[in-house]
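Please walk me through this structure for a first reading. Start with the sheet, then go on to the metal site and the aromatic rings.

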Amino acid sequence: MALIDIGANLAHDGFDDDREAVMARAEAAGVTHCVVTGSDRESNARASALAEADPQHLSATAGLHPHHAEDWNTEIAAEMRDLAARNRLVAIGETGLDYFRDISPRDVQKRVFAEQLAMAVDTGLPMFLHQREAHDDFHAILAEHLPDLSRAVVHCFTDSAAALDDYLALGCHIGITGWICDERRGRALFDAVPAIPDDRLLIETDCPYLLPRTIRPKPRSRRNEPAYLPWVRDRVADARNQAPEHVEHVTQANAARFFALPDRLVS
Ligand SMILES: [Zn+2]
């Protein structure tokens with residue numbers, strides 16, 4: 001048995017001092033592979049460098065997060081295409097729309113999201129997607145490109161049961177984080193998660209963010225890390241009334257298939 005963390009921001013500078021220890025703890029916790037999220041120019045390059053240095057344990061994505069959409073230019077696009085040409089890039093993203101924080105203007109977010117969808121279609125890579133408080137526009141743009149896309153995951157899904165139905169109808173995979181471990185704001189997600197078919201379910205930490213609130217004993221640091229993925233697995237299993245081993249098995253198989261990970265990485 002093994003767990004795959006499909007959303008780990010290990011390029012984040014919060015891991016600069018002890019990245020090796022973090023990876024050792026992940027392995028000890030049964031998390032055998034992490035997909036390292038690229039979300040801006042710097043983290044794209046760092047995520048790919050990390051994956052190249054340790055392909056057994058790490059894969060990388062490259063994208064421009066909606067918060068940074070205003071940074072989009074031909075240079076970044078060319079760099080992403082260059083990274084996509086390398087073996088270890090397993091998805092385009094993180095990209096999408098975020099109207100919760102609204103850091104980049106909405107029209108820019110929409111345009112840059114569409115540019116990255118077109119890149120995923122061109123390269124044949126799946127998409128790693130972020131959506132917060134932007135369901136209607138996000139759904140419309142995604143639906144337009146989806147027939148030409150290989151696969152898409154709505155990562156860190158936290159929206160309503162109705163939004164979940166819409167993404168499942170489009171054929172999307174759904175990434176569940178430790179948000180589900182929050183007994184207050186994660187309650188609706190806990191109730192919605194049983195609607196996800198086994199073959200569309202993925203789990204992730206989104207570390208260093210979203211430390212699961214269910215961890216016992218409570219960690220001293222607020223920083224989340226891949227070693228805590230079992231707490232997400234267990235809470236998802238609880239919500240779905242399934243054995244943790246079952247959730248582990250299906251999410252590992254789904255991650256391997258979704259990101260086309262080499263067979264040797266899958267136990
Ligand atoms: Zn995100």
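A residue counts as buried when its relative accessible area is under 20%, and as exposed when that area is over 50%. The model shown here is predicted. With that cut-off, strand 1, residues 3–8, can be placed: 6 of its 6 residues are buried, so the strand is largely enclosed by the rest of the structure.

Strand 1 belongs to an open sheet of 8 strands, in the order 1-2-3-4-5-6-7-8 and with parallel pairing. Strand 1 and strand 8 (201–203) are at the edges of this sheet; each has a single partner strand, so one side of each has no neighbour in the sheet. On average, neighbouring strands are turned by 30° against each other, with direction ignored. As a general point, strands of a sheet pair through backbone hydrogen bonds, and the pairing is either parallel or antiparallel.

The sheet can be followed from the strand 1 side. Strand 1 pairs with strand 2 in the parallel sense, over 4 bridges, and D5 stands opposite C34 of strand 2. Between these two strands the chain passes through helix 1 (residues 19–28), and this β-α-β crossover is right-handed.

Strand 2, residues 31–36, also pairs with strand 3, again in the parallel sense, over 3 bridges. Here V35 has S59 of strand 3 as its bridge partner. Strand 3 spans residues 58–62 and is mostly covered, with 5 of its 5 residues buried. Its side chains point two ways: L58, A60 and A62 to one side, S59 and T61 to the other, and all are buried. On the way to the next strand, 3 bridges join strand 3 to strand 4 (residues 89–98), and the two run parallel. In this pairing A60 stands opposite L89 of strand 4.

Further along the sheet, strand 6 and strand 7 (residues 173–176) pair in the parallel sense over 2 bridges. V153 stands opposite H173 of strand 7.

Strand 4 leads on to the metal site. Which residues coordinate the zinc ion? They are E94, through OE, H130, through ND1, and H155, through NE2, at 2.0 to 2.2 Å. Along the chain these donors follow the spacing E-x35-H-x24-H. E94 lies in strand 4, while H155 lies in the loop between strand 6 (152–154) and helix 6 (161–170), so the pair ties together parts that are 61 residues apart in sequence. Is E94 buried or exposed? E94 has a relative accessible area of 4% and is buried. H155, at 2% relative accessibility, also counts as buried.

The loop that holds H155 also holds F157, which brings in the aromatic rings. In general, a pair of aromatic rings is described by the distance of the centres and the angle of the planes. The count in this model comes to 4 aromatic pairs. One of them is F138 with Y167, an edge-to-face pair with 5.6 Å from centre to centre and 80° between the planes. F138 lies in helix 5 (residues 135–145) and Y167 in helix 6, so this pair ties together parts that are 29 residues apart in sequence. F138 is buried at 0% relative accessibility, and Y167 is buried with a relative accessible area of 0%.

Y167 also pairs with F157. Their ring centres are 6.1 Å apart and their planes are at 85°, so this pair is edge-to-face. F157 sits in the loop between strand 6 and helix 6, and Y167 in helix 6, 10 residues apart. F157 is buried, with a relative accessible area of 2%. Together, F113, F138, F157 and Y167 form one aromatic cluster.

Two arginines are placed over rings elsewhere in the model. The charged end of R151 sits over the ring of F258, 5.7 Å from its centre. R185 lies over the face of W179, at 3.9 Å from the ring centre.

Note on methods:
Residues numbered from 1 in each chain as written. Predicted model: local features only at pLDDT ≥ 70, side-chain atom pairs only at ≥ 80, totals over all residues. Heavy atoms only, no water. Buried < 20%, exposed > 50% of the residue type's maximum accessible area, 1.4 Å probe, protein only. Pairing = 2+ DSSP bridges. Donors = N, O, S within 2.8 Å, 3.2 Å for Na, K, Ca; no water. Right-handed = clockwise from strand over helix to strand, strands pointing away. Phe/Tyr/Trp six-rings, centres within 6.5 Å; stacked < 30°, edge-to-face > 60°. Lys NZ or Arg CZ within 6 Å of the ring centre and 35° of its normal. Axes fitted to C-alpha atoms, helices over the stretch in contact; angles between N-to-C directions.
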